[in-house]
Amino acid sequence: MKMIPVETTINGDQTEFLCNADESLLDVLRDRLGLTGAKEGCGTGDCGACSVMLNGRVVCSCLVLGVETQGAEVETIEGMADGETLHPLQRVFIEEAALQCGICTPGILIAAKSLLAKNPDPTDTEVRYWLAGNLCRCTGYDKIIKAVQKAAAEMRAA
Amino acid sequence: MALDDQAKRTFKVVGTRVGRPDGIDKVTGKAAYGADITAPGMLHGRILRSPHAHARIKSIDVSEAAKLAGVKAVVTGADLAIPDDEGFADIAINCLARDKVFYDGHAVAAVAATSKSIAKQAIRLIKVDYEILPHVTDVDAAMKPDAPAVQEGRALENVPAGMSQNVTTRCAFGHGDVDAGFAKADKIIERSFKTAATHQGYIEPQACLATLGSDGRGEVWCCTQGQYMVRANCAAVLGIEESQLRVISSEIGGGFGGKTSTFIEPVALALSRKSGKPVKMVMTRDEVLRATGPTISASMDIKIGMTNDGRITAARGELRYSGGAYPNETIEMGAQAAFAAYDLEAVETVGWNVMTNRPKEIPYRAPGAPTSIYAVESVVDELCQELGLDPLDVRLLNAARKGTLSAYGPTFNEIGLVATLEAAKAHPHYTAPLGPNQGRGLSCGFWFNFGGNTCVSLNINDDGTVGVVEGNPDIGGSRASISMMAAEELGVPYEKVRTVIADTSALGFNDITDGSRVTFAVGLATIEAARAAIREMCRRAAKIWGIDEDAVLWEDGAAVPAGPNAGTHPPMTLAEIAAVAGNTGGPIAGHHEVNADGAGVSFGVHLVDTEVDPETGATKILRYTVFQDAGKAVHPDYVEGQMQGGAVQGIGWALNEEYIYGEDGRLQNAGFLDYRIPVASDLPEIETVILEIPNPGHPYGVRGVGETPIVPPLAAISNAVSRAAGVRMCELPMSPPRLLKAMTG
Amino acid sequence: MRYVKPESYEAASALLAAEDGIARILTGGTDVLVMLKAEMVEPDLMVDLKHLPGMHDIAAEDGGFRIGAAVSSAELGEHAALKAMWPGVVEGAELIGSTQVQNRATIVGNLCTASPAADSVPGLVTANAVAWLHGPHGTRDVPVVEIPVSPGKTMLAKGEFITSIYLPARPVGASDAYLRFIPRTEMDIAVSSAAVSLELDAGGTITAARVAIGAVAPTVRLVADAGAAIVGTKLDDDAIAALIAATEAACSPITDKRGTIEFRTKTAGVLAKRAAHIAYSRAGGKT
């Protein structure tokens, strides 16, 4: 199988990689680029643990081919903090104990950030429906919803 | 180790809501889970699984797979030892089948190749000749004497002759004259219940990276609830020595009991030994659901008698659990837990474990208890309904309390059931108005909580900081709680303590992270280790001061002279003592080894309002409140998180989650699309009320909290739905087709 | 698998027509990548069409809208004018999968997967939507209702693909609605579904009605009798009863892991009733 060269931008950095045609963006990120923050919980778009931003929209990276990202802008959890300064969502998730095992956390943070970019003042119901594709088995979602709302309030006030 | 005098103690660290030490790594994607590491030259392993529910393996031909370019090793069951110990032998044949496959998804062979795609191609080239055998997946069908035998000769001596070969265990608990008790009842209700098997549903599939040399030395990196358990299982089925195998537990992406066994680690080690290279294996979600532990499926009969004023006169339960294709002990816990919430004069519980052509049951959060308590609490609720009694009053009237002879034998010590019920009764939720098609349900829940083998080292660093080394994977924030207890005991700030999880070579044996044992048992050992370090620090101070070591006390993180006779030395802080340790006798450390008992049982009460759609059978959870005795809540956020997470897992079990088998014995919903765990939009806020009834068995009064909260939701929701729908539901899950059928007849 | 981004529609159909092995088209990828992962299909050729002209456009045309084949569900939901005219179509599209999936999934992909449970299809059927096909022998218009022929199969010829969907203009006093039944609140495949599109006269009487049902037959089904049952009414109880009866009569579902024959049939009728009420209210009708 011939590998295909791809040029893309990941977290603001110009990135080149080679991948097979049938390789998912998730596999490229994890196996070829060492960006293991996106997790594979299902590989079929049902859990959201692999969420990344693709050209400004949150997607499941398991449902994107690596070759499709030619010329695209990809943002992953590794690009969310600014150096040692956490994004408000990241900081509030720790403060509010919105994670237990943490495996779903990168995907939820990416998805929550995309929600607040589109809707800075969502209702709880809107947060819950936006995040319905991000499965969490530990928390029962309660503290996640509260953390998103607290971060949203902080971000609105900033 | 007994409870300290609570009246005198004011906690400084314990009970606060500090940040977690693994927080930044987990919110930035840095935390390394099972699938997140690689090794130079590593291969990718993949497993071929049985498509049949039950079949004899006539032959396996791996020659074509082995010839494929890039394939470096192929293994089958013949590459693993079958140890004499039945438990280890079951693990071996579950990791790679021998002469028979027992369920759809049973591992048959495995390959290691230079890429994932080559490994995938290679397993398709393995030819297995199966002779398909009759199968049975339903627990009641498997109990019939003429049912297909999943395995033969596995029944214990306590199983009466003439029963199906699939029945492996009988157990019985109780006391009093049950028949006489029923004779005193004004109302008796007897009902049969069924519950579907559910899966732990952790989001991180099992993953490992393993290396094993021909000299028998190896290492495994894996996500597990117990690195020592992985070491023991792997050593046994590979025929190597435990000392030569180092197991490192990664960050763990959820377990809930599901990662208390091994599935892929021995296979990866066998592939590594054969190929001479490190082998990484990561399960797919399909494999997780088809081949790792679901919980038991159950069929249960419950009979309870009650007087008109709500006193239970007698109770009897017969429980039939299927733990999949192997003998299993979960039934014992289910049978013991069934009536634990009640103070009963006469009670009898009989349990049976039955083998079926399903995956090997692996514990799931309070294993055995949610189903049996669901059945009991449903009958209690129906009696309350029939007799026109308040369900909380009836539970208070019959509640187990200190001194109660429990239905499973022990007499209870300080327990929090009555306080928990009273808290529920006083809560505004209990009296809030309900609308049409709405119903309120409640249920008690119980879990034993474990203690167990525990080993902790606590090191005083020369800069005055503290390192705690413990041996239980951190599944719910335990590194924070352990650091908090160390800080509390030593009298230093939380930030000065760092707790790490040891690999198997760095610390003595520890039982797995199970039974809600870690905060209790590791906490207890940490406090004792801290006390040992304190004793040593007091000795060092005594030496410096030239006074008797008995004349030194430890207060607020410093050694102080004990009274005027000890002299007027200024306090020496932990940091000051540590800085000169080299001059006073060398490094300072404390350690503690214990097989901890006194874990202290835990009770909870859940209150839920549901609304049912009479036209579709859909159930909506409107309001949910969890009340639980947590003992001393070390980190209240994490206690609440356990209560909320457990409740929501129970909601999934009650409403939608189930293993669905076809006529062909194959699992039909091996994915998150159709194995439907709750999503965020399914749920309301989960309110929590923590009660702190100190556990006499722990110096700070800590009890395990993690498992109890999955127990009450099944019955609480079933009771709420039954009341809302006007029809008593006796089967889980109450999926919309099932509920609509019940409502419309 | 070869991955190709052809330079034109013509090149794409030539490529697809010439492929001897299994070819698949990639726009949103939310179905085809799942099939790849599950090893249900292993294409020899993957043709990416997203970059071709018009594929991402929602364009006003003759009073209606032409929707490019690569327009995502999320983009449909963000288009205020389209959503105002065809709210039922858009709500169907916005029910496909999660937020993440909606950012990639397309109604054309949903249609071409040919699942009887496809959420966007009943709405398109009741809208009288027309698919524009491009093939080796030119282009043609085909009503959406004719595209799926059985589960997983479409009437598209080899080398043919859909480049856009046309939603016609609507008169004043018209609207639509789509409802599905799922066990959870999100993330499930429809167990049954119904779309209703209505036109009302100034007095609120229904002058035209189309009802389509999903997940209760091998393909999404347009139920002419159900539509006829409510024409000339204001959704009074008798009309609703007739609507439900006609809907139920049109169901021929299967029992499987997601639902039983009885459940699917019963809920399809309930959903048709509820969707009719929503569409009626959206169209300005008052009950």
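# A guided tour of a predicted three-chain model

In this predicted model, begin by selecting chain C and colouring its two domains, whose centres, taken over C-alpha atoms, are separated by 25 Å. Domain 1 of chain C covers 2-115 together with 130-167, while domain 2 of chain C covers 177-282. Where the two domains of chain C meet, eleven residues of domain 1 and 13 residues of domain 2 take part in the contact. To see the domain 1 side, highlight α5 (87-93) and β8 (148-150) of chain C, each of which supplies at least two residues to the side that touches domain 2; α5(C) gives the most, with four residues. By class, this side of domain 1 of chain C is made up of six nonpolar residues, four polar residues and one charged residue.

## From chain C to chain B

Stay with chain C, but now show chain B as well, and select the contact between them, which takes 15 residues from chain C and 16 residues from chain B. On the side of chain C that touches chain B, helix α11 (residues 261-282) of chain C gives the most, with four residues, and the residues of that side divide into six nonpolar, four polar and five charged.

## From chain B to chain A

Next bring in chain A, and select its contact with chain B, to which chain A contributes 43 residues and chain B 41 residues. On the chain A side, α2 (88-95), α3 (105-118), α4 (124-130) and α5 (142-157) each supply at least two residues, and α2(A) gives the most, with four residues. The side of chain A that touches chain B has 22 nonpolar residues, accompanied by twelve polar and nine charged ones.

## An open sheet in chain B

Hide chains A and C, and look in chain B for an open sheet of three strands in the order β4-β2-β6, paired antiparallel. Its edge strands are β4 (100-101) and β6 (127-132) of chain B, each of which pairs on one side only. Strand β2 (residues 55-61) of chain B is joined to β4(B) by two bridges in the antiparallel sense, and a good place to centre the view is Ala55(B), which stands opposite Val101(B) in β4(B).

## A strand with partners in both senses

Move on to strand β8 (residues 187-195) of chain B, which runs antiparallel to strand β13 (residues 297-306) of chain B and is joined to it by nine bridges. Selecting Lys187(B) shows one such pair, since this residue stands opposite Met306(B) in β13(B). With strand β27 (residues 731-732) of chain B, by contrast, β8(B) runs parallel, over two bridges; here the residue to pick is Lys194(B), which stands opposite Glu731(B).

## A buried strand and its neighbours

Now select strand β9 (residues 207-212) of chain B, in which six of the six residues are buried, so that the strand is largely enclosed by the rest of the structure. In a regular strand the side chains alternate between the two faces of the sheet. In β9(B) both faces are covered, with Ala207(B), Leu209(B) and Thr211(B) buried on one side and Cys208(B), Ala210(B) and Leu212(B) buried on the other.

Two strands pair with β9(B) in the antiparallel sense: strand β12 (residues 279-282) of chain B over four bridges, and strand β10 (residues 218-222) of chain B over five bridges. To locate these pairings, pick Ala210(B), whose bridge partner in β12(B) is Val279(B), and then Leu209(B), whose bridge partner in β10(B) is Trp221(B). β9(B) and β10(B) form a hairpin with five residues between them, and Gly216(B) in the turn has a positive phi of about 80°.

## Helices of chain B

Select helix α8 (residues 265-275) of chain B, in which ten of the eleven residues are buried, so that this helix, too, is largely enclosed by the rest of the structure. The buried residues include Glu265(B) and Arg273(B), along with Val267(B), Leu269(B) and Leu271(B). Just after α8(B), Gly276(B) takes a positive phi of about 75°.

Finish at helix α11 (residues 369-387) and helix α20 (residues 713-725) of chain B, whose axes come within 8 Å and cross at roughly 35°, in a right-handed crossing. To display the contact, select Pro370(B), Ile373(B), Tyr374(B), Glu377(B), Ser378(B) and Asp381(B) in α11(B), which meet Leu714(B), Ala715(B), Ser718(B) and Asn719(B) in α20(B). The residues of this contact divide into five nonpolar, three polar and two charged.

Definitions and conventions
Residues are numbered from 1 along each chain as its sequence is written. Chains are lettered from A and ligands numbered from 1 in the order in which they are written. This is a predicted model: local features need pLDDT of at least 70, side-chain atom pairs count only at pLDDT 80 or more; totals for chains, interfaces and linings use all residues. Domain bounds come from an automatic or database domain assignment. Two residues are in contact if their C-beta atoms, placed from the backbone, lie within 7 Å. Ala, Val, Leu, Ile, Met, Phe, Trp, Tyr, Cys and Pro count as nonpolar, Asp, Glu, Lys and Arg as charged, and the others, Gly among them, as polar. Two strands pair if DSSP finds at least two bridges between them. Axes are lines fitted to C-alpha atoms, for helices over the stretch in contact, and angles run from 0 to 180 degrees between N-to-C directions. A crossing is left-handed if the near helix is turned anticlockwise from the far one by less than a right angle, and right-handed if clockwise. A residue is buried if 20 or more other C-beta atoms lie within 10 Å of its own, exposed if 12 or fewer, and partly exposed in between; C-beta atoms are placed from the backbone.
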